[in-house]
Amino acid sequence: MENILGLIKLRIKRGTNLTARDSRTSDPYVFVTMGEQKLKTGVVKDNCNPEWNEELTLYVRDVNIPVHLTVCDKDTFTVDDQMGDADIDIKPYLQCVKMGLNEVPDGHVIKKVQPDRTNCLAEESSCIWKNGKIIQEMNLRLRNVKSGEVTVEIEWINVPDSKGLSEVEF
């Protein structure tokens, strides 16, 4: 694992108002890619408002590569249907991590990230100090579909002997 800056712990929490791809419901899961990395959550049967609460870990080599999520409907006999997709720009979050803060009151907002045309945020998202770490929870509006949002949280994990963020330019 050469040239790794660190790890991103991605918590896929839940989906909201996902589009039904089967007759009245879907069997959704989330497929995650970042560069050449590919991971996925488990399938939640018959649910357009699934609770996944799964943690996936991705290594970061380049802060400019977004985390890409695709929500899919698991089908038994045919190709799985796509239910929308979204990108997570990790740069605003990593700018907070790079500050090297410590001893910040729990729940303190480090930075607010506004939704705009360049991100998939459904609403304002905050980078928050929680239990000695900075986390960012966000509601992502799915693209290429009529409706649906996915709630996720990201957290940085330092890797011993890795490059870290000290020399990264944002």
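A polar contact is a pair of N or O atoms within 3.5 Å; within protein, one atom must be able to donate a hydrogen and the other to accept it. Keep that rule in mind. The structure above is a predicted model. In it, the side chain of Glu-153 makes a polar contact with the side chain of Lys-13, at 3.3 Å. We will come back to Glu-153 once the overall layout is clear.

Start with the whole chain. Its secondary structure comes to 1 helix and 10 strands. Read along the sequence, the pattern is β-β-β-β-β-β-α-β-β-β-β. The radius of gyration is 17 Å, and the globule rule gives 15 Å for 170 residues. Those two values are close, so the chain is as compact as a globular protein of that length. Along its principal axes, the C-alpha trace spans about 50 × 35 × 30 Å.

Now look at what is covered and what is not. Of the 170 residues in the chain, 46% are buried. The chain exposes about 9300 Å². Carbon and sulfur atoms supply 46% of that area. Contacts also tell us how the chain folds back on itself. Take the contacts between residues at least 6 apart in sequence: 58% of them join residues at least 24 apart.

Next come the sheets. One is an open sheet of 6 strands. Its order is β4-β1-β10-β9-β8-β7, and the pairing is antiparallel. Which strands stand at the edges? They are β4, residues 51-60, and β7, residues 109-113. Each has a single partner strand, so one side of each is left without a neighbour in the sheet. Neighbouring strands of this sheet are turned against each other by 20 degrees on average, direction ignored.

Zoom in on one pair in this sheet. Strand β9 covers residues 133-141, and strand β10 covers residues 149-157. The two run antiparallel, and 7 bridges join them. You can find one facing pair by eye: Leu-140 stands opposite Val-150 in β10.

Another open sheet has 4 strands. Here the order is β3-β2-β5-β6, again with antiparallel pairing. The edge strands are β3, residues 37-40, and β6, residues 81-88. Each of these pairs on one side only. From one strand to the next, the twist averages 20 degrees. Follow β2, residues 28-34, to its partner β3. These strands run antiparallel and are joined by 4 bridges. Met-34 stands opposite Gln-37 in β3.

Back to Glu-153. This residue sits in strand β10. Is Glu-153 buried or exposed? Its relative accessibility is 5%. Buried means under 20%, so Glu-153 counts as buried. Its side chain has polar company there. A polar contact of 2.4 Å joins the side chains of Glu-153 and Arg-11. The contact with the side chain of Lys-13, at 3.3 Å, is the one we opened with. Leave aside neighbours within four places in sequence, and Glu-153 is also in contact with other residues, including Leu-10, Lys-130, Ile-135 and Gln-136.

Now turn to the loops. Thr-118 lies in the loop between β7 and β8. Its relative accessibility is 71%, so Thr-118 counts as exposed, the cut-off being over 50%. The side chain of Thr-118 makes a polar contact of 2.6 Å with the side chain of Asp-116. Thr-118 also has a partner to compare along the sequence and through space. How many residues separate Thr-118 and Asp-87 in sequence? The answer is 31, while their C-alpha atoms are 9.5 Å apart in space.

Two other loop residues deserve a look for their backbone angles. Glu-103 is not a glycine, yet its phi is positive, about 55 degrees. Glu-103 lies in the loop between α1, residues 91-98, and β7. With 79% relative accessibility, Glu-103 counts as exposed. Asn-131 is not a glycine either, and its phi is also positive, about 55 degrees. Where is Asn-131? Its place is the loop between β8, residues 125-130, and β9. Asn-131 is exposed, with a relative accessible area of 61%.

Put the pieces together. An open sheet of 6 strands and an open sheet of 4 strands are both antiparallel. Buried Glu-153 sits in β10, whereas Thr-118, Glu-103 and Asn-131 are exposed.

Definitions and conventions: Residues numbered from 1 in each chain as written. Predicted model: local features only at pLDDT ≥ 70, side-chain atom pairs only at ≥ 80, totals over all residues. Heavy atoms only, no water. Pairing = 2+ DSSP bridges. Axes fitted to C-alpha atoms, helices over the stretch in contact; angles between N-to-C directions. Buried < 20%, exposed > 50% of the residue type's maximum accessible area, 1.4 Å probe, protein only. Contact = heavy atoms within 4.5 Å. Rg over C-alpha atoms; globule rule 2.2 N^0.38 Å. Areas by Shrake-Rupley, 256 points an atom, 1.4 Å probe, with all protein chains shown as cover.
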